[in-house]
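Colleague: I have a model open on my screen and would love a close look at one part of it, the charged side chains. Could you walk me through them, with a little background before and a word on the backbone after?

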Amino acid sequence: MSDYNFKEIESKWQQIWSDSQVYKAEIDKKKPKFYALDMFPYPSGSGLHVGHPLGYIATDIVSRFKRLKGFNVLHPMGFDSFGLPAEQYAIQTGQHPAVTTEENIKRYKYQLKNLGFSFDWSKEVQTSSPDFYKWTQWITIKLFNSWYDFKTDKARPISEIIEILEKEGNGNISSAHSDDTPTINEVAWNEYNETERSEFLLNYRLAYRADTTVNWCPALGTVLSNDEVKDGFSERGGHPVERQVMSQWNMRISAYADRLLSGLDTIDWPEPMKEMQRNWIGKSIGAEFFFEVENSAERIHVFTTRIDTIYGVTYVAIAPESDLVETLTTEEQKKEVETYVDIAKNRSERERMSDVKTISGVFTGSYVIHPFSGQKLPIWVADYVLAGYGTGAVMAVPAGDQRDYDFSKYFNLPIPAIVDIANIEEEADPTKEGKMINSGFLNGLTYEDAIATAINKLKELGIGKAKIQYRMRDAIYARQRYWGEPFPVYFKNGIPTPLPLEDLPLELPNIDEYKPTQSGEPPLGRAKDWKYKNQYEYELSTMPGWAGSSWYFFRYMDAHNDKEFVSKEAQNYWQNVDLYIGGSEHATGHLLYSRFWTKFLYDRGLVTVDEPFKKLVNQGMIQGRSSFVYAARTTFNDIHPDFDHVELPEIFLSKNIAEQIQDHKEHVDMREYVMSIIDYEIDKLNETHAGLNLTIDNIDLKAISKIHVDVSFVKNDILDVKAFKNWRPSLKGAIVIPERSGEYICGFEVEKMSKSKYNVVNPDDMIAQFGADTLRLYEMFLGPLEQFKPWNTNGIDGVYKFLRKFWNLAHQGGAFKVSEGNPSPDSLKALHKTIKKVEEDIENLSLNTSVSAFMICVNELTAQKCNNRQILEGLTLILSPFAPHITEEIWHKLGNKKSVNKATFPTFNPDYLKEDSYDYPIMVNGKMRAKITFSLDMSNDDMEKAVLANEIIQKWMEGKQPKKVIVVPKKIVNVVV
């Protein structure tokens, strides 16, 4: 039998594909386009594990399938190569992040090419390349030079708002702008000097600089986004994070809140992903009004979606970061408030929003006046109120809001009822049913009527109005680190001024260290003589990690254009991404910012689409199958100082022994078995070290710990004891107690693949052992693409055997051999039902069931001893998206000159699935006595005659006449006697 030499085959075709650039995509208006994209990876130093390629394999299958279906496919790959890990490594080692990144990218590319992906590498992008980030800088300048006009509902050039300001001021401008933007007329504007105009325009620019409360991490020397902070610590490194007010660059993404929300209805994304973005954007329809502060000119503005409950307000709470805290705190409360604020404001916003169990707050000593009842209400500082959301203050209605209810219970504040049917004895009741009570002029009104009446009253009093509000805030667009895109901005008399296009890219300068300066400036403050035209200071912050990933999908369309970020021709042809596959963890980061940038580019006439990704699929995670050994806690007798160098042995029990002991089910002979092995090993140690005289004072077999062990030492849960002992020096003398069978059985758990759990499986190892085609098929075979599933190396052998079986269909007696002529009906049926199944599965991304269909087909053809050319060509074509190397080899052996990638997917013919006969079970008085095959066009009468004439049926009728014969076509024949 001719061997399936996957190493030779895969190496050969990968080289041929690379040399011929078979996957290179060019604009071809004669063909429909298909743009398939994976979320590009950050090139970490550890490379890929077997979980990483899952989404790439799925996208590759679809891309190859679409080529076979006549589409012009763009399927590129690149690297999101700016990132904090490379910078942290640079801080530790002094090695420039670019060097580390380049090495890591080489490693990734080697691994990706090893898997046979049909990437168009000629369009590779790297976000850390100046050729790429030149255009990130250019788009940032475009954002800086734009404002959002709500009247036209789009971004416009900043020059157009300047014209309006010159003619009439900003009184009639409906725009996205900073909350504290003053209203001015044209006279005031025209009297402003250059600096004043620049500062005023920052209130409108979509990229702007402003004082912002940020997550500052001193250890990392940078500002972190909310999703990079967990429980007050940095996600990377676990360093403390403080809340500070700093001058930061921001993106006015809030201008696009409503369009980002409504746009979700136009795209084919998973509903949970859409819901995450809806919640993040957080549209609320309600009212905004203010409370007067007693004996003060201050006002506290609040927003509420339940103005109907205004008579249930018992206190007002403000955020710890609020500027009002200092103003409203009385002298008697000052110390207590300051202590509370110092603690509260250093908790991250995410933690404060999610931690509903911790109740804390402090009374300021001041009061507001209820706008309708005139009642005095206390003002509290509470960390469940966020400065950046809404007005930074809330009207507390404990009867209708659980957090207000819990706060009131904790601090013994009143909880008045305001809805007649609400039950508030044990918890808040936010019902919208029933009628208002204890609510002044709102008494007796329903929810809808009370809302309308209360808003009208606010308007009448001149203290409020109806309002739509969004939870989403503007995005901080700066990091105080080195390894990121430099801001294309210099400061002239303190005014941020963008660089002209001809001076882009502004490249990162070389610096001596990658840490902040001693005076606290970002690392770029270390750059010597780094000034625009040797005169003006550059911005020292760099852009955040999401800058390049917010538009990279357009660059793939025209990756080497040095005149524009993408040509109109290329973008008009490729439009946007048809299929995007990646992780759900990017819901409120990359995926949201990409939609924002695309809508902005669309507004400015730079692209023809306002959504980047038509269809999004979130692949599940391939989890690791961790293995464990069981360590017993022991103590030994005192050791003489002369033997301090001797490593005392650790003791490891096999799984079944450990579990029996822990469950108190061990027998006396089990304990004797364990102790005999321990005594034997200790005697050997004493012989090796004369005078050691080691004994066990105590072995507490009930104090057993599970310890992760490298999965490469484990096969079918059996530990390679020799490899285990060679793993670490401390294990060389370990006492390993196996089962009585002589095998050491490990425990296992399914959990996230991680180096710390020693359960990472390297795809290079799998490819070396089984081949890339096997690995590709196996990852798909593990289960539905979107689901989490455990990796188990033991199962991959079955897929490898399937590919050998497929190979053997075309090989006999050590040589390639196929038959000519017309295939049998059974072979055509086996092939065409598989064609139908695979085509449907790929369109639906049900790729795991396709692999099963291939296995069934090959088994059927093997049983039929089919090696027909026509059948093998069809099977080779439909298998090629999944297993490209072996199919390319077979395809060429079948005599085809062009690549299988240039062929056409076979057409399903339903005629081959039609049956011309059926095997009928024949029942006599309800019991099956025979099976008879009848033609499908045979009449019921003829079938009845044939059944009654059958010798077997006559035997069971025992000479009796049938009372009736029931024929159910394509089901059953029942003879009743």
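To get my bearings, how many helices and strands does the chain have?

Modeller: Happy to help! Please keep in mind throughout that this is a predicted model. The chain has 31 helices along with 37 strands. Its C-alpha trace spans about 110 × 90 × 70 Å along the principal axes. There are 977 residues, and 52% of them count as buried. If you take the contacts between residues at least 6 apart in sequence, 72% of those join residues at least 24 apart. As for the outside, the chain exposes about 44700 Å², with carbon and sulfur atoms supplying 47% of that area.

Now to the charges. The chain carries 113 positive and 137 negative charges, and the mean positions of these two groups are 7 Å apart. One place to visit on the surface is a patch of negative charge, where Asp323, Glu326, Glu331, Glu332, Glu338 and Asp342 gather. Within that patch, Glu332 is a good residue to click on: its place is in the loop between α11 (324-328) and α12 (334-344). Because its relative accessible area is 69%, Glu332 counts as exposed.

Next come the pairs. The structure holds 42 salt bridges, and three of them make a nice short tour. Start at helix α2, which covers residues 53-68 and contains both Asp60 and Arg64. These two are 4 residues apart, about one turn of the helix, and they form a salt bridge in which the closest N and O atoms are 2.9 Å apart. Are the partners buried or exposed? Asp60 is buried, and Arg64 is buried too.

The second pair is Glu160 with Arg156, whose side chains meet in a salt bridge at 2.6 Å from N to O. Here the two partners fall into separate classes of accessibility. Arg156 has a relative accessible area of 19%, so it counts as buried; the cut-off for that class is under 20%. Glu160, with 27%, is partly exposed.

The third pair takes you to helix α26 (residues 825-844). Lys837 and Asp841 form a salt bridge there, with 3.4 Å between the closest N and O atoms. Why are they about one helical turn from each other? Because they are 4 residues apart in α26. Lys837 counts as partly exposed, given its relative accessibility of 31%, while Asp841 counts as buried at 5%. Salt bridges can also link up through shared partners: Asp265, Glu271, Glu275 and Arg278 are joined into one network in this way.

After those pairs, please look at a charge that has no such partner. Asp404 sits in helix α14 (residues 402-411). Asp404 is buried yet has no salt bridge. Which side chain of opposite charge is nearest to Asp404, and how far away is it? That would be Arg403, at 7.8 Å. What does Asp404 touch instead? Leaving aside residues up to four places away in sequence, Asp404 is in contact with Tyr315, Tyr384, Met395, Ala396, Val397 and Pro398. Showing those side chains together with Asp404 will give you its surroundings in one view.

Finally, the word on the backbone that you asked for. Most residues other than glycine have a negative phi, and most peptide bonds are trans. With that in mind, go to the peptide bond that joins Leu504 and Pro505: this bond is cis, with omega at about 0 degrees. Pro505 has its place in the loop between β19 (495-498) and β20 (531-532).

On the other side of β19 in your sequence view, you can pick up Asn493, which lies in the loop between β18 (489-492) and β19. Asn493 is not a glycine, yet its phi is positive, about 55 degrees. With a relative accessible area of 66%, Asn493 is exposed.

Tyr758 is another residue other than glycine with a positive phi, near 55 degrees. You will find Tyr758 in the loop between β30 (747-751) and α23 (763-770). Its relative accessible area is 30%, so Tyr758 is partly exposed.

Terms used: Residues numbered from 1 in each chain as written. Predicted model: local features only at pLDDT ≥ 70, side-chain atom pairs only at ≥ 80, totals over all residues. Heavy atoms only, no water. Buried < 20%, exposed > 50% of the residue type's maximum accessible area, 1.4 Å probe, protein only. Contact = heavy atoms within 4.5 Å. Areas by Shrake-Rupley, 256 points an atom, 1.4 Å probe, with all protein chains shown as cover. Lys, Arg positive; Asp, Glu negative; His and termini not counted. Charge placed at Lys NZ, Arg CZ, Asp CG, Glu CD. Patch = residues over 30% accessible without salt bridge, like charges linked within 9 Å, V, L, I, M, F, W, Y side chains within 5 Å. Salt bridge = Lys/Arg side-chain N within 4 Å of Asp/Glu carboxyl O.
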